[in-house]
Amino acid sequence: MAGIAVSTTINGDITEYLCQPDETLLDVLRDRLGLTGAKEGCGTGDCGACSIILDNRLVCSCLVLGAEAEGRRIETVEGMAHGDQLHTLQQKFLEHAALQCGICTPGFLIAAKDLLAKNPDPSEEEIRFGLAGNLCRCTGYDKIVRAVQDAAHVMKGA
Amino acid sequence: MNFDPRFSGRKFASVGTRPIRPDGVDKVTGRARYGADFNMAGQLVGRVLRSPHAHAIIRKIDTSKAEKLAGVKAVITAADLPDLTDGDAAMYDILDNCMARTKALYDGHAVAAVAAIDARTARQALKLIEVDYEILPHVTDVDEAMQHHAPLINDTIFTEGLEEKPVKPSNVTKRSQFGHGDVHQGFGHADFIVERSFKTEQTHQGYIEPHACVASVSSDGTADLWVCTQGHFVYRQHCAQLLGMEASKLRVTSSEIGGGFGGKTHVWAEPVALALSRKAGRPVKLVMTRDEVFRASGPTSATSIDVKIGARKDGTITAAEATLRYSAGPYAGSWAEIGAMTAFACYKLDNVKTVGYEVLVNRPKTAAYRAPSAPMAAFAVESAVDELAKELSMDPVDFRIKNAAQEGTRSSYGPVYGPIGIGPTLEAVKNHAHMKAPLAKNQGRGMACGFWFNFGGQTCVDLNIGMDGSVSLAVGTVDVGGSRASLSLVAAEELGIDYSQLKAIVADTSSLGYNDMTDGSRGTFSSSMATISAARNAIKILRERAAQMWDISVDDVVWEQGHAVAKGEKHGNLGKLSLKEIAAESGKTGGPIAGHSELVADGAGVSFATHICDIEVDPETGSTRVIRYTVVQDAGKAVHPTYVEGQYQGGAAQGIGWALNEEYIYGKDGRLQNAGFLDYRIPVCSDLPMIDTQILEIPNPNHPYGVRGVGETSIVPPLAAIANAVSNAAGVRMTHIPMSPPRILAAIEAERGG
Ligand code: FES
Ligand code: FES
């Protein structure tokens, strides 16, 4: 089957690829482009491990087709740090030990980044509901919420 | 030098601090490589065909059409995994579970597999495989499976552990019994007796990372396996045995692991991937879908438990008895046995008896899940204990304190306890601010205790000192939640150097001696013991080298705070030599400096926890909300307290999910109806409050720093603590887990109606 040619922007870089019409954006990122930061926990939009930002919208990349990325702007966890300077959220996740196994972490970081972009000063409840699309089985979420609270605090001051 | 593992009090410099973990940056930047993040040149995609039937004879499998499909490189069935288990029944069960041989025993049981050039071709190929099934009657409920008329799952199984050898096969594989004293007499002395039956439904470990591996078998008979596992050495042994390979020719590398909780202690798809690779002559990547994870991996047992406890008016328990039935899936296990051992482990009892029945059902093979079997037994026992306290008009905490096991108590499963933490956790709970927090309308408070054994086991560690004075630590226990940070702290402590001078890695099976699984909360306990021993061996060499550099006797050199120091008047003018200085000269003083350790870590030290929680119940809908939650647990010594807290919180959250929501739902057809995260709902961020933790440190006498395992006990009390809270809030005793809204509503209505 002939592939579809797609031109898109990923983490600021113009990227081109061929994909099958039924191929998810998650599969394209992971299998064609080697961007394995986004994880597949379910493939059905229920876990958030594959979270990316597509044109300023938080989406599950397992529910987007690779072909749909044409002409759009994608942000993944690989683009969060600037050079060797970690994003405040990444730093706070480390400091608060907001990860145990870490498989959910890329998804949480992206979801938290999106949340803080839209609501720089969220209450605990807003954080909890804002991150409710991301599953973590290890932490009980306590340290994740604290890391996001701390990051929001620092980012507001910056 | 003989290693002395006994606890010796000391002032810690590194242990007990909270540095950032060594694998942290890779994990927040997306660089860490998990099971599915690894690829090999020429790799094929493997996929598994699974039985849609709960119980069926496999009459015939026709793979010819699939084999002819362009892009398909290998198709395998049980015939490609011949039985090489040589009478080892447990290994045979593992083999049969990886690929059904004569019968499909549950919905999701693997029956064939393909390797193809891409996922789409592999999926198409699965559709072309024709399996001729003869459907058999099935049974999925643990109580029904014990009935005489129940469909028989394996007609070669005769119940073990009965006084008389049975003449008929049965779904009950084993009866086990524990206890001491005379319960009959004990109940005779009781003023109050509570007797209740409980049920818990089956749950899944729910790790977010599905099982994934890449297998590569070469034509020269060697093979590589990259896999997410809790125990790559055990996977190597199992895979090698099932495939008829020499273990040394199979190199297994454990990837970063995206959660396991016991579910990644068993091989599932790995032997299949290796068999596919062997047949295709190319590497094969096999990643389970979430649907497959639910249908064919994990889960824990469903249970049915009867408890009877009696006490005198003064609150002394006179006798305790329980019958525990645990589902094992279609293969024998020892889940009920473990449940029977743990049930009354928190208490000091003169008369106690527990009987476990291990029951076969047409569900996936039961796998370990965090303190396996203990949460269900604790749910039943701690619910009954609470009820008994009520009958006695005693405070539930005081009642437990009165009957708590102590140092010297003979445990209900046999051994006599050393220093233990059940009493201190109860005292801490009694004084905890949570106990005084106000409760609003429809809110209830519950508390409960939990016990877990903790494991030790075979462990091997290499500690290598570089010429620049940096230290690399190679361990063989998989890091499931921050153990590389903890082990680095321990090495830093022992060597007297800074944490930043160290880097810990998990070595593959060809680079280090054998290590048992990271299970039974053994990772940090046993590997830290081996790390201390390896560091002490390295220090011995460091002292020798310093002695050489100074040209004095090694007996005059001691190791203090990361330095060799010459002791004695005559050496008064010799300065100190740092680890770095000694390492820099190592090329001239005898070559590389390293410390190794191989040991069996004994005396893991039992662990106890007490949890408190407040739950609000909506009496109109039966829905619940967790208002407050507190975990108090003994850690022996918390090496990295933040990760200890993380273990406490994570276990509590899993317990909350189990108590309130999670369950495997089977249809009449024996098929799993909720094999996805949408319908099998684990707690999300908005379902939970902050989870407060209190770490107690009652040193384990069998570890140099007093460390105990901490990973599992935290899932033991929540089912009971929440059941007690819900029962208090709703005014009716809850006996069936999960306490989903319909079950709570039904209980409230039955109470109102009755
Ligand atoms: S993999 Fe996309 S939501 Fe789970
Ligand atoms: S840290 Fe393991 S799933 Fe979140």
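In strand β2 of chain A, the bridge partner of A:Ala5 is A:Leu18. That pair is a handy way into this predicted model, so to speak, and the sheet around it is a good place to begin.

## The sheet of chain A

Strands β1(A) and β2(A) pair in the antiparallel sense, with 7 bridges between them. Their hairpin has 2 residues between the strands, and A:Asn11 takes a positive phi near 50° there. On the other partner of β1, the picture changes: β1 (residues 4-10) and β5 (residues 73-75) of chain A run parallel and are joined by 2 bridges. If you would like to find this pairing on screen, look for A:Thr9, which stands opposite A:Arg73 in β5(A), and for A:Ile10, which stands opposite A:Ile74 in β5(A).

Zooming out, these strands belong to an open sheet of 5 strands in chain A, in the order β2-β1-β5-β3-β4, with mixed pairing. Strands β2 (13-19) and β4 (57-60) of chain A are the edges, each pairing on one side only. From one strand to the next, the twist averages 40°.

Two helices lie across this sheet. Helix α1 (residues 25-32) of chain A lies across β1, β2, β3 (51-54) and β5 of chain A, and runs at about 100° to β2(A). Helix α3 (residues 105-118) of chain A lies across β3, β4 and β5 of chain A, at about 155° to β4(A).

## Elsewhere in chain A

Away from the sheet, A:Lys92 forms a salt bridge with A:Asp150, and their closest N and O atoms are 3.4 Å apart. This pair links distant parts of the chain: A:Lys92 sits in helix α2 (residues 88-95) of chain A and A:Asp150 in helix α5 of chain A, 58 residues apart. Another residue to look up is A:Tyr141, which has a positive phi of about 70° although it is not a glycine. A:Tyr141 is placed in the loop between α4 (124-130) and α5 (142-157) of chain A.

## Where the chains meet

The interface of chain B and chain A brings 50 residues of chain B into contact with 47 residues of chain A. Between them the two chains bury about 4000 Å², and 59% of that is on carbon and sulfur atoms. Three residues, B:Val28, B:Cys685 and B:Met690, supply 20% of the area that chain B buries against chain A, more than any other three residues.

There is plenty to look at in polar terms too. Across this interface, 24 residue pairs are in polar contact, and 5 salt bridges are found. Over all chains, the count of salt bridges comes to 52. Side chains of opposite charge can pair when their charged atoms come close. One salt bridge to pick out is that of B:Glu662 with A:Arg137, where the closest N and O atoms are 2.8 Å apart.

On the side of chain B that touches chain A, the elements giving two or more residues are α1 (24-28) and α18 (641-660) of chain B. Helix α18(B) gives the largest share, 9 residues. Sorted by character, the residues of this side of chain B are 26 nonpolar, 16 polar and 8 charged.

## The sheet of chain B

Chain B has an open sheet of 6 strands in the order β7-β15-β14-β13-β8-β27, again with mixed pairing. Its edge strands are β7 (172-180) and β27 of chain B, each pairing on one side only. Strand β8 (residues 192-200) of chain B runs parallel to β27(B), and 2 bridges join them. In one of these strands, β27(B), B:His736 is the bridge partner of B:Lys199.

Here are the helices that lie on this sheet, with their directions.

| Helix | Strands touched or crossed | Angle |
|---|---|---|
| α10(B), residues 335-342 | β7, β14 (317-327) and β15 (352-359) of chain B | about 165° to β15(B) |
| α11(B), residues 374-391 | β8, β13 (303-311), β14 and β27 of chain B | about 150° to β8(B) |

Just beyond strand β27 comes a last backbone detail. The peptide bond from B:Ile737 to B:Pro738 is cis, with omega near 5°. B:Pro738 is found in the loop between β27 (736-737) and α20 (741-753) of chain B.

Conventions:
Residues are numbered from 1 along each chain as its sequence is written. Chains are lettered from A and ligands numbered from 1 in the order in which they are written. This is a predicted model: local features need pLDDT of at least 70, side-chain atom pairs count only at pLDDT 80 or more; totals for chains, interfaces and linings use all residues. Side-chain values use heavy atoms; hydrogens and water are left out. Two strands pair if DSSP finds at least two bridges between them. Helices (H or I, at least four residues) and strands (E, at least two) are DSSP runs, numbered from the N terminus. Axes are lines fitted to C-alpha atoms, for helices over the stretch in contact, and angles run from 0 to 180 degrees between N-to-C directions. Contact means heavy atoms within 4.5 Å. Buried area is the accessible area (1.4 Å probe) that two parts lose on being put together, summed over both. A salt bridge is a side-chain nitrogen of Lys or Arg within 4 Å of a carboxyl oxygen of Asp or Glu. A polar contact is a pair of N or O atoms within 3.5 Å; within protein, one must be able to donate a hydrogen and the other to accept it, and residues adjacent in sequence count only if both atoms are side-chain atoms. Ala, Val, Leu, Ile, Met, Phe, Trp, Tyr, Cys and Pro count as nonpolar, Asp, Glu, Lys and Arg as charged, and the others, Gly among them, as polar.
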